[in-house]
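Student: I've just opened a new structure and don't quite know where to start. Could you walk me through it?

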Number of protein chains: 2
Amino acid sequence: MTTIDSTVFTTETMTVPGGSETILRGGRDLFPLLPAAFHGIQRIGVLGWGPQGRAQALNLRDSLAGTGITVSVGLRAGSTSADDARANGFTEEDGTLGELLSVAAASDLVILLIADAALAAQHETIFQALKPGATIGLSHGFLLGHLQATGQDFPPGHPVIAVCPKGMGDSVRRLYQQGATVNGAGINASIAVHADPDGHATDRALAWSVALGSPYTFATTLSSEYRSDIVGERAILLGAVHGLVEALYRYFRLEGADPITAYERSTEAVTGPIARTISAAGLPAVRAALSGADQDLFDRAYSATYQPARDLVAEIYDEVAEGTELRSVILAESRLATRPMTAIAGSEMWSHSAEVHARRGATTTIDPVTAGLFVATMTAQVDEFAARGHVWSEIVNESIIEAVDSLLPYMHARDVAYMVDNCSRTARLGTRRWGPRFQAAYEQLALPALANPADPKAIESFLHNPVHEALAVAAELRPSVDISVT
Amino acid sequence: MTTIDSTVFTTETMTVPGGSETILRGGRDLFPLLPAAFHGIQRIGVLGWGPQGRAQALNLRDSLAGTGITVSVGLRAGSTSADDARANGFTEEDGTLGELLSVAAASDLVILLIADAALAAQHETIFQALKPGATIGLSHGFLLGHLQATGQDFPPGHPVIAVCPKGMGDSVRRLYQQGATVNGAGINASIAVHADPDGHATDRALAWSVALGSPYTFATTLSSEYRSDIVGERAILLGAVHGLVEALYRYFRLEGADPITAYERSTEAVTGPIARTISAAGLPAVRAALSGADQDLFDRAYSATYQPARDLVAEIYDEVAEGTELRSVILAESRLATRPMTAIAGSEMWSHSAEVHARRGATTTIDPVTAGLFVATMTAQVDEFAARGHVWSEIVNESIIEAVDSLLPYMHARDVAYMVDNCSRTARLGTRRWGPRFQAAYEQLALPALANPADPKAIESFLHNPVHEALAVAAELRPSVDISVT
C-alpha cells in the first residue's frame, strides 16, 4: 500500500526511485482538521506509560486541546508509572487516569502501548473490554506477529490501525515540543490500516499521526511495518551498532590504541560525527569527508563488510518473516520469570564512557574503518529491504532516519550499552541474539579482509544507490532540528 | 527409557546418581551373537559416505565378516565419494556399492547417513523405495526433528531404530581399529527404539551398536537423543568452544600476551591439557592440577561463568525442544542456494595455528582462566541436561566424553576453526548461531567479573556435582586408548 485515500487531508505525491508514493506532510496548521479526521472518536485511551505511551499521550492531549476530544491514560492497578502520569496532568479526579481495562472500555480509540510481553498476555482481556466498534490502535506490528505465531486474530468489527513513529518515545515528545517554534519538527511515522469496517480508519490514522507531530506520514501494511521494525532494531538500529562497537573497540585496542582513543574511534565516531554527517548530508557524505589514504581505507572497509552484513540482515529477515524470531522472543519471555535478563554493559569499554564524554569539545573525527563498516551495514539493510519490496519511505525511515536522528543521538548522550539495556524487551532480546552475530561477522570476516583492495564495483554500486535520492526527498519534508538529548 | 530388554545379549546394571541404568558392555567377544541379534537382516545398506557413513560401513563390514550378512554402500549417482568407497572395497562388481535408492530397496536395514539437508529433501523418496518391513536406521535425531517441524511422520509398518555414536566418524573408525588389539576400544553409543512393529528392534539396535565397536551402549529415546545432540553441539561440543577461544584469545592479547602465548593459553590449553585431564581423571582434576593463586583464579573464573553459561544452554535447549532451532536451520539451508556459508577461520588467531603446533613438546600448561570458563560451561550443560531429565549416560557422553575423547583431540590435531568448518552442516550452522553468543557472554559477563571473589557455594556445588560419580562409572566401562588423530 503506497496510496492514501483521505477525505479530510490533502496528501502529496513524493517521487521516489522507480515511482512515487503518496504521503501526508504534517504540521500544526492541520490541527483544526483533527476532530473531523478522528471521525466518531470522543475519547482516546492510551494504555501504558512507557516512553512511547508517555510521549503519545502528551502529544495527543496537546494537539487536541480545545477540541473536546479527551485523552486518558490507562495503567494496570499499582503501576509505578502513575505518579509520573499525575505529575504530567493525567489524574483520576478529571477521569484522564484510570485502570487499564476501565480506560479501554470507555474509549473510542484504544492505543495499545503496554510492553510487548504484557500485550501478549493481556490482549484477549483488553479486546473483550472494548466498546462495540471501538478502534484498536497499535504503534508497531508486534501484536500482529504474536497473533500469527499463536494462531489468533484481531476481533471482528473493530477498525485496526497503526501509527508507528520512526523514533524513540523520548524523541517523539522532544521534537514535538520543538515543533511549537519550528513548524514541522517531529518524528516521521508510518500508518497502516489493517481493518476498516466503517470506512474511516485511514483518516483516523492520519489524524493520530498528525497529532503526534509527524513531519511526514507514509503508508505501509501492518505486516510490512512489523518486519522492517523488528529486523531494523536487530540490525542497524541497535544490534549491529552494539556488535560493531564491541568488535571495533577491541580491534583498535589490539592495534595499539589506548582505551580512550579506541572508544573514540569506534563508539564516539558512530554516534557522533558519522550519524551527524548522514543526518545532514546523506551516506556518500561520510565517504566524501575522507580523502586520500583514509578514503581508500573506507572503501576497503566498505568492500570487506557489505556482503557479510547483507547475509546477516537476510538471515534476520527470514527469521522475522517466518515467525521463528518471535517464537524465540516468546520462549525468552517465559525464561525471564526465573532467569533475569543479563546486562550487556559489563564490557570494559563502557567503564570509559564518562571520561570520553567529559573530553568532548575537541573534534571527534570520522574513523575510516568504523565509517566503512557502519555505512556498509546500513547500506546492506537498505538493499535487503528494497529487495524484499518495502516502500522507500519505510526503507529510509527504518534504516537511516530513525538511526541518525533518534537512536544514535540518544546513544551519544548516554552510551550504546545504556540504550541497549533501556529499550523495549523485544528489542533488548533481539540485540542480545543478533549483536554478537554482527560482532562475529566483523571480527571473523570484515576486519581480516581490510588489507584486501577495495572492490570498485561495490563502491560504484554504493555511490549510485537509489537510496540516496530517496533519502534526499524524505529529508526535504522535514526541517533541520536540534536532535540532542537532554 | 533406561532399561533394555534383549533376548540375545546379557545387559548389565550401571549404578548412577539417584538410581541405575541398564547398559550393554561391548566387545569383539560378542560378534558371534550378531547374526541372531540382527534378526531377519541379510543385507545392510549404508546410505552416504560422509565421515559417519564411511566409518559405520567399514566397521559393520569388518564385524560381520563371515556371517553372510552383507554391507552395501548407497550413493547418489555421480557422487564424488564413490572412488573412496571403491578404494575401501565397496564395489559395483560384487553388489556392495550402488545407487542410493537401489541400495535402499535391496536392504533389510537401511542406515540413513546422508547429510541432514539431503535427508530433509529425500526422505520421502527413500521411504517409498523400502522393502515392506525393512528397518529404518538413524544415527542422530535430526530426521525426527525435521518430521515434527514439518508435520510429517515415519512410514508405518517399519521398525525405526537409532544407534548414535558419541563421537565423530573418524573416531568411530579409528578406535574400532584400535579395538583389534585393545578389546573394548571404541566410541560409546546410545540406542533408541522409535517403532518396533516386529518386536526385534531392540536387538537389532544393540547388534548395530556392538558391531560399530561401542564399549558401552545405553538407551534413550529418539527425542531425547535429538535434543541432547543438537544442544550439545551448539554448546560445549562446538559452539561454546569456538566462542570461548575467540573471547579468550583477544582477552589474553589485551592483557599483553603475544599472539603465540595468547593462542597457547586459550585454544591449546582447552584442546590439550584440559581435555586430557578431564579424559583421564574427571572435571575436579582440572581444578586440583592448580594450586594457590592459580586455583583461586580458577574458582573466580568458574564462579563468574557458570550462570551466564547455564542461561545460554537453557536458551539453546528451549529453542531446540520447541523446534525454532530446526526451523532456523531449514531457513538457512534455503539461503545457502544463493549465499554460500561463510568460513569462520578468518580470525587472526588461526594464522598462528601452524606455528603453535610446531612448538609443541614444551609442556602446555592449564591456564586457570581458560580452565575456569571451560569447566564452568561444561558443568552448566551437565546440570541443564540433568534438570531436563536426561539419563546420566546421555549426559556424560554428550557433554564430556564426546568432547574430551573425540572432538577436542581432533581440534588439537587440526584447529578449532577447521573443525567448525568441517562438521555436519547442521552443526556448522548451529556453531555460527551460538558461538558468538557464548563469546559475548564470556566477554560481557564472565571476564569482567573475574576480579570478584569466588562464590564458595558455586565451588562447593561443583566439587559435589553427581556428574563426577556418573563419569567415573562410565569411564570404567572403557579402556584407556590412544585418541590421537592421524
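Tutor: Sure, let's take the domains, then the way the chains meet. Keep in mind that this is a predicted model.

Student: Okay, domains. Where do domain 1 and domain 2 of chain A run?

Tutor: The domain assignment puts domain 1 of chain A at 12–216 and domain 2 of chain A at 231–476. Their C-alpha centres lie 30 Å apart.

Student: How do I judge the size of an interface?

Tutor: It is often given as the accessible area lost when the parts come together. Here, domain 1 and domain 2 of chain A bury about 1,900 Å² between them, with 59% of that on carbon and sulfur atoms. On the side of domain 1 of chain A, the residues losing the most area to domain 2 are Pro17(A), Lys166(A) and Met168(A), together 33% of what that side buries.

Student: How many salt bridges cross between domain 1 and domain 2 of chain A?

Tutor: The rule finds one. Look at Lys166(A), which forms a salt bridge with Glu398(A), with the closest N and O atoms 2.6 Å apart. Ten residue pairs are also in polar contact across this domain interface.

Student: Which element gives the largest share of the side of domain 1 of chain A that touches domain 2?

Tutor: That's H6(A), with four residues. By class, this side of domain 1 of chain A has ten nonpolar, six polar and five charged residues.

Student: Now the chains. How are two copies of a chain related?

Tutor: By a rotation about an axis and a shift along it. In this model, a rotation of 180° with 0.0 Å of shift superposes chain A on chain B, at an RMSD of 0.0 Å. That is the relation of a two-fold axis.

Student: Through which surface do the copies meet?

Tutor: The same one, because 100% of the interface residues of chain A are also interface residues in chain B. Each chain's part is easy to list: 35 residues from chain A and 35 residues from chain B. Between them, about 3,200 Å² is buried, and carbon and sulfur atoms give 52% of it. Leu254(A), Arg339(A) and Gln444(A) supply 20% of what chain A buries against chain B, more than any other three residues.

Student: And what about salt bridges between chain A and chain B?

Tutor: The rule finds twelve. One to look at joins Arg339(A) to Asp311(B), whose closest N and O atoms are 2.7 Å apart. There are 14 residue pairs in polar contact across this interface as well.

Student: Which element should I colour for the side of chain A that touches chain B?

Tutor: Try H19(A), which gives the largest share, nine residues. The residues on this side of chain A divide into nine nonpolar, nine polar and 17 charged.

Terms used:
Residues are numbered from 1 along each chain as its sequence is written. Chains are lettered from A and ligands numbered from 1 in the order in which they are written. This is a predicted model: local features need pLDDT of at least 70, side-chain atom pairs count only at pLDDT 80 or more; totals for chains, interfaces and linings use all residues. Side-chain values use heavy atoms; hydrogens and water are left out. Domain bounds come from an automatic or database domain assignment. Buried area is the accessible area (1.4 Å probe) that two parts lose on being put together, summed over both. A salt bridge is a side-chain nitrogen of Lys or Arg within 4 Å of a carboxyl oxygen of Asp or Glu. A polar contact is a pair of N or O atoms within 3.5 Å; within protein, one must be able to donate a hydrogen and the other to accept it, and residues adjacent in sequence count only if both atoms are side-chain atoms. Helices (H or I, at least four residues) and strands (E, at least two) are DSSP runs, numbered from the N terminus. Ala, Val, Leu, Ile, Met, Phe, Trp, Tyr, Cys and Pro count as nonpolar, Asp, Glu, Lys and Arg as charged, and the others, Gly among them, as polar. Copies are superposed by least squares on the C-alpha atoms of residues with pLDDT of at least 70 in both. Contact means heavy atoms within 4.5 Å.
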